[in-house]
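Please open the model in your viewer, and keep a selection panel at hand for the stops that follow.

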There are 2 protein chains.
Amino acid sequence: MAHDIARLEAYLAFAHRLADAAREVTLPLFRASEAIDKGEAGAFDPVTEADRGAERVMRALIESAYPEHGILGEEYGESPSRSGWTWTLDPVDGTRAFICGVPVWGTLIALAYEGVPVIGIIDQGYLDERYVGFPGGATATVRGATAPLKTRRCPSLSLATLAATDPGMFKGAETGGFEMVSRAARLTRYGLDCYGYAMLAAGRIDLVIESSLKPWDVQALYPIILGAGGVMMDWRGGPGYAARQVLAAGDEMLVEQSLVALRRAAD
Amino acid sequence: MAHDIARLEAYLAFAHRLADAAREVTLPLFRASEAIDKGEAGAFDPVTEADRGAERVMRALIESAYPEHGILGEEYGESPSRSGWTWTLDPVDGTRAFICGVPVWGTLIALAYEGVPVIGIIDQGYLDERYVGFPGGATATVRGATAPLKTRRCPSLSLATLAATDPGMFKGAETGGFEMVSRAARLTRYGLDCYGYAMLAAGRIDLVIESSLKPWDVQALYPIILGAGGVMMDWRGGPGYAARQVLAAGDEMLVEQSLVALRRAAD
């Protein structure tokens with residue numbers, strides 16, 4: 001379906017407002033306390049506060065501006081859509097990174113029409129970096145400077161940099177499939193959550209392979225990867241915007257080489 | 001040996017100068033090119049340029065200011081000391097992070113007397129963060145604001161956040177030892193290189209367990225961890241400043257619980 005340009009531009013501007021509002025909640029809570037001693041009863045939990053607070057503020061903005069839009073959020077579940085449009089929100093993707101004080105977590109915001117995401121944002125407020133995808137393109141705004149995002153060419157797995165959040169996200173046969181690709185790749189990097197997809201869109205990583213993902217983990221990534229010239233699919237080669245098992249590549253040449261290993265463990 | 005305070009203060013100021021000089025080389029090369037296409041002959045390699053360039057500039061400064069001091073650098077090897085004092089330099093620790101555009105790499109600078117490091121710096125220029133350890137203390141300067149570093153209490157492995165750069169750094173029996181600790185810990189985080197030790201000193205991570213390390217990977221960390229109130233040892237419980245297998249903990253209570261698993265794979 002072709003979308004009305006003016007409408008999409010309004011939605012994109014609104015998506016930026018959501019990201020701004022989420023930053024106001026998450027940033028003061030990142031590294032909030034100098035050191036939280038463990039083992040104390042009723043201890044303050046900054047990541048839960050950030051997650052819930054940022055989702056609440058984004059939901060309130062959407063409900064006020066677009067009451068006919070649906071919302072799917074990690075923390076507060078689903079409000080059905082009465083228009084075909086749905087916002088998918090992950091206020092803090094990468095809670096482990098957040099907890100550890102490492103600025104590779106991000107706020108994920110997607111707008112989908114009938115389940116297909118058309119606008120996506122990865123926002124990393126501590127680094128002041130925002131990665132945005134929309135029909136026909138993708139941009140990064142890094143410390144105030146905006147530039148187009150473009151994946152890089154990489155014709156062979158043996159030259160590729162591969163990323164995944166955690167080796168423990170793969171279960172059963174998935175582990176072997178991932179390891180086959182990892183052994184063939186030039187190097188493998190763990191620990192990046194959504195930031196790995198941002199670096200793929202920016203042409204610094206060639207391949208992200210993950211599993212155990214939820215819709216709010218992946219919906220926002222799809223327009224960014226595609227807008228930057230990459231591909232994102234499930235482990236059978238189908239569309240990647242709702243996949244539990246994801247393969248994202250900057251260069252399409254890597255897809256078949258990776259799927260050979262991953263297909264046998266595909267859902 | 002008790003060191004002369006005025007001398008140590010002069011060395012500490014000089015260590016900051018080294019870190020400043022390294023930043024001037026590394027920062028312009030981080031994310032230097034928009035996208036380097038793979039498979040091109042004679043491609044520009046920013047991380048190698050950063051590594052070599054930063055070490056050269058630091059070595060030149062040391063040779064000029066303290067010709068009687070030794071230097072051990074990752075890129076250009078060892079110049080023997082004629083005074084007992086030796087600088088150990090890792091211009092880019094975390095080259096994979098650097099390559100991937102992820103700002104958790106760092107410049108490591110240590111000054112040791114007769115092999116025991118007394119001053120250490122982890123510098124992350126892109127984040128504008130510098131972690132410094134010296135006899136009697138440790139500080140972090142984050143975006144211009146300096147504050148003492150203090151590890152947090154964590155009385156039990158079951159409450160602990162564990163970090164390691166890569167599961168692939170463990171070989172043979174080491175893998176099982178690490179996995180025993182990882183299974184007992186509350187969560188495990190990969191992909192941090194020197195930044196994991198910085199976050200341990202800052203009270204955000206409780207435990208770092210690593211192997212396959214070189215002197216330039218560990219010397220700078222030791223004064224920072226100890227100055228922040230933590231411990232750093234090898235997998236037998238001996239001093240950690242020259243270890244290939246490292247255990248760093250914010251709370252001493254975690255040491256014995258971890259060594260039970262690690263000792264059987266200790267060198």
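**Across the interface**

Begin with both chains on display: between chain A and chain B, four salt bridges cross the interface by the rule applied here. Bear in mind throughout that this is a predicted model. To see one of these contacts, select B:Arg189 together with A:Asp193, which form a salt bridge whose closest N and O atoms are 3.3 Å apart.

Now widen the selection to the whole contact, which takes 48 residues from chain A and 49 residues from chain B. The area buried between the two chains is about 3,900 Å², and carbon and sulfur atoms give 51% of that area. Of the interface residues of chain A, 100% are also interface residues in chain B, so the copies meet through the same surface.

How are the two chains placed relative to each other? A turn of 180 degrees, with a shift of 0.0 Å along the axis, lays chain A on chain B with an RMSD of 0.0 Å. The two copies are thus related as by a two-fold rotation axis. To find where chain A approaches that axis, select A:Gly191, whose C-alpha is the nearest to the axis in chain A, at 2.5 Å from it.

**Strand β1 in chain A**

Next, hide chain B and select residues 70-73 of chain A, which make up strand β1. A:Gly70 and A:Leu72 point one way from this strand, A:Ile71 and A:Gly73 point the other way, and all of them are buried. Add residues 85-93, strand β3 of chain A, and you will see β1(A) pairing with β3(A) in the parallel sense over four bridges; within this pairing A:Ile71 stands opposite A:Trp87.

Then add residues 77-79, strand β2 of chain A, which runs antiparallel to β1(A) and is joined to it by three bridges. A:Gly73 has A:Gly77 as its bridge partner in β2(A), and the two strands form a hairpin with three residues between them.

**The corresponding stop in chain B**

Bring chain B back and centre the view on B:Leu72, which shares one buried side of strand β1(B) with B:Gly70, while B:Ile71 and B:Gly73 are buried on the other side. B:Leu72 stands opposite B:Thr88 in β3(B) and also opposite B:Glu78 in β2(B).

Move on to B:Thr88 itself, which lies in strand β3, residues 85-93 of chain B. With a relative accessibility of 5%, B:Thr88 counts as buried, because the cut-off is under 20%. Once neighbours within four places in sequence are set aside, its contacts are B:Leu72, B:Leu108, B:Ile109, B:Ala110, B:Pro215, B:Trp216 and B:Gln219.

**Helix α8**

Return to chain A and select residues 253-262, helix α8, where the buried residues are A:Leu254, A:Val255, A:Ser258, A:Leu259, A:Ala261 and A:Leu262. Looking down the axis of α8(A), you will find these buried residues within an arc of 155 degrees, so they line one face of the helix. To see what they pack against, show α4 (173-184), β11 (207-210), β12 (231-233) and β13 (246-249) of chain A.

In chain B, pick out B:Glu256, which is found in helix α8 of that chain and is partly exposed, with a relative accessible area of 44%.

**Salt bridges within chain A**

The last stops are among the 26 salt bridges that the rule counts over all chains. Select A:Arg96 and A:Asp166, which form a salt bridge with their closest N and O atoms 3.6 Å apart. A:Arg96 lies in helix α3 and A:Asp166 in the loop between β9 and α4 of chain A, so the pair ties together parts that are 70 residues apart in sequence. A:Arg96 is partly exposed at 36% relative accessible area, whereas A:Asp166, at 15%, counts as buried.

Go next to A:Asp123 and A:Arg130, where the closest N and O atoms of the salt bridge are 2.7 Å apart and both residues are buried.

Finish at A:Glu174 and A:Arg244, which form a salt bridge with their closest N and O atoms 2.8 Å apart. This pair links distant parts of the chain, 70 residues apart, with A:Glu174 in helix α4 and A:Arg244 in the loop between β12 and β13 of chain A. A:Glu174 counts as buried at 4% relative accessibility, while A:Arg244 is partly exposed at 33%. As a closing selection, take A:Asp20, A:Arg23, A:Asp123, A:Asp128 and A:Arg130, which salt bridges with shared partners join into one network.

Technical notes: Residues are numbered from 1 along each chain as its sequence is written. Chains are lettered from A and ligands numbered from 1 in the order in which they are written. This is a predicted model: local features need pLDDT of at least 70, side-chain atom pairs count only at pLDDT 80 or more; totals for chains, interfaces and linings use all residues. Side-chain values use heavy atoms; hydrogens and water are left out. Buried means under 20% relative accessible area, exposed over 50%, partly exposed in between (1.4 Å probe, protein chains only). Two strands pair if DSSP finds at least two bridges between them. The arc is that of the directions from the helix axis to the C-beta atoms. Contact means heavy atoms within 4.5 Å. Copies are superposed by least squares on the C-alpha atoms of residues with pLDDT of at least 70 in both. Buried area is the accessible area (1.4 Å probe) that two parts lose on being put together, summed over both. A salt bridge is a side-chain nitrogen of Lys or Arg within 4 Å of a carboxyl oxygen of Asp or Glu.
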